[in-house]
Amino acid sequence: MNLQPVLENEKVILYPLQDTDFEALYAVAADPEIWKQHPNKDRWKKEVFQTFFEGAMLSKGAFKIIDKTSGEVIGSTRFYDYNEKENRIFIGYTFYATSIWGKGINPSVKHLMLNYLFDYISTVNFHVGAHNVRSQIAVGRIGAEKIADQEVSYFGETQQLNFVYEISKEKWKMKCLPGIPSPTTKILYPEIAREKLNR
């Protein structure tokens, strides 16, 4: 399984995160409103976000999210903690520009990522901050259920209490996102990805 494919549907394109994406992504992340409910509320500060970005690059599973309508960077997400033996992986570290909140982007991104992952694995998990009600509601809407509490050590940041959510391949197959048509997931292989990145 490739942890950094290029994924596309009718709303967004997910590209593997590159070192050169820092400034464009920080332009989104510099809004304090994004982090108000997050355990690490000061990620809007450039020096703190630099640490977050370094962790994203080291994960080798991070993406920048492009809005297909505007062509602009609108956020980031990643695959991480892949456990081959247990056939499970996490999706997380997700944030979006406040300008696209409530416009169906997050469900579309999650739909895209889950459709890809469930071709290879049986279970997907999410870490969500204990006080991040917005994200708890969002993962619940895609059918994930809370299964545990866990202290999570973010790269270069303090340990924070998170809730662990889980969704199985079987449950995802039966789940229909309200009001969201099933998009066709396009997996753009490396040669196509390079062409798009160089445009």
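This passage describes the pockets, a buried arginine and the nonpolar cores of a predicted model.

Two pockets were examined. The largest pocket has a volume of about 960 Å³. Its lining comprises 41 residues, of which Tyr-96, Asn-106, Arg-134, Ser-135 and Ala-138 lie closest to the centre of the pocket. At least two lining residues are supplied by each of the strands β5 (88-96) and β6 (123-129) and by each of the helices α3 (105-117) and α4 (133-141). When the lining of the largest pocket is divided by class, 24 residues are nonpolar, 12 are polar and 5 are charged.

The second largest pocket has a volume of about 210 Å³. It is lined by 14 residues, and those closest to its centre are Tyr-80, Asp-81, Tyr-93, Val-152 and Ser-153. Two or more residues of this lining come from each of α2 (46-59), β4 (73-83), β5 and β7 (145-153). The classes represented in the lining of the second largest pocket are nonpolar, with 7 residues, polar, with 5, and charged, with 2. Strand β5 thus contributes at least two residues to the lining of the largest pocket and two or more to that of the second largest pocket.

Arg-43 is located in the loop that connects α1 (22-29) and α2. Because its relative accessible area is 1%, below the 20% limit, Arg-43 is classed as buried. The side chain of Arg-43 forms a polar contact of 3.2 Å with the side chain of His-38. Leaving aside residues up to four places away in sequence, Arg-43 touches Ala-29, Trp-35, His-38, Val-48, Phe-49, Phe-52, Tyr-154 and Glu-157.

The nonpolar cores were considered next. In soluble globular proteins, nonpolar side chains tend to be buried together. The largest nonpolar core in the model contains 31 residues, among which Leu-14, Leu-114, Val-124 and Phe-126 touch the most other members. Each of β2 (12-16), β3 (62-67), β4, β5, α3, β6 and β8 (159-168) supplies at least two residues of this core. The greatest contribution is that of α3, which gives 7 residues.

Leu-14, one of the four residues that touch the most other members of the core, has contacts with residues at several places in the sequence. Apart from residues up to four places away in sequence, Leu-14 touches Pro-5, Val-6, Leu-7, Phe-63, Lys-64, Ile-65, Thr-77, Val-109, Leu-112 and Met-113. A second core, separate from the largest, has 21 residues, including Leu-17, Phe-22, Tyr-80 and Phe-95. Of these, Tyr-80 is also one of the residues closest to the centre of the second largest pocket.

Terms used: Residues numbered from 1 in each chain as written. Predicted model: local features only at pLDDT ≥ 70, side-chain atom pairs only at ≥ 80, totals over all residues. Heavy atoms only, no water. 1 Å grid on protein atoms, 1.4 Å probe; cavity = no way out; pocket = protein on both sides within 12 Å on 5 of 7 lines; lining within 4 Å. Points joined across faces, edges and corners; volume = space filled by probe spheres on them. Helix = DSSP H or I, 4+ residues; strand = E, 2+ residues; numbered from the N terminus. Nonpolar A, V, L, I, M, F, W, Y, C, P; charged D, E, K, R; others polar. Buried < 20%, exposed > 50% of the residue type's maximum accessible area, 1.4 Å probe, protein only. Polar contact = N/O pair within 3.5 Å; in protein donor to acceptor, adjacent residues only side chain to side chain. Contact = heavy atoms within 4.5 Å. Core = buried A, V, L, I, M, F, W, Y, C linked by side-chain atoms within 4.5 Å.
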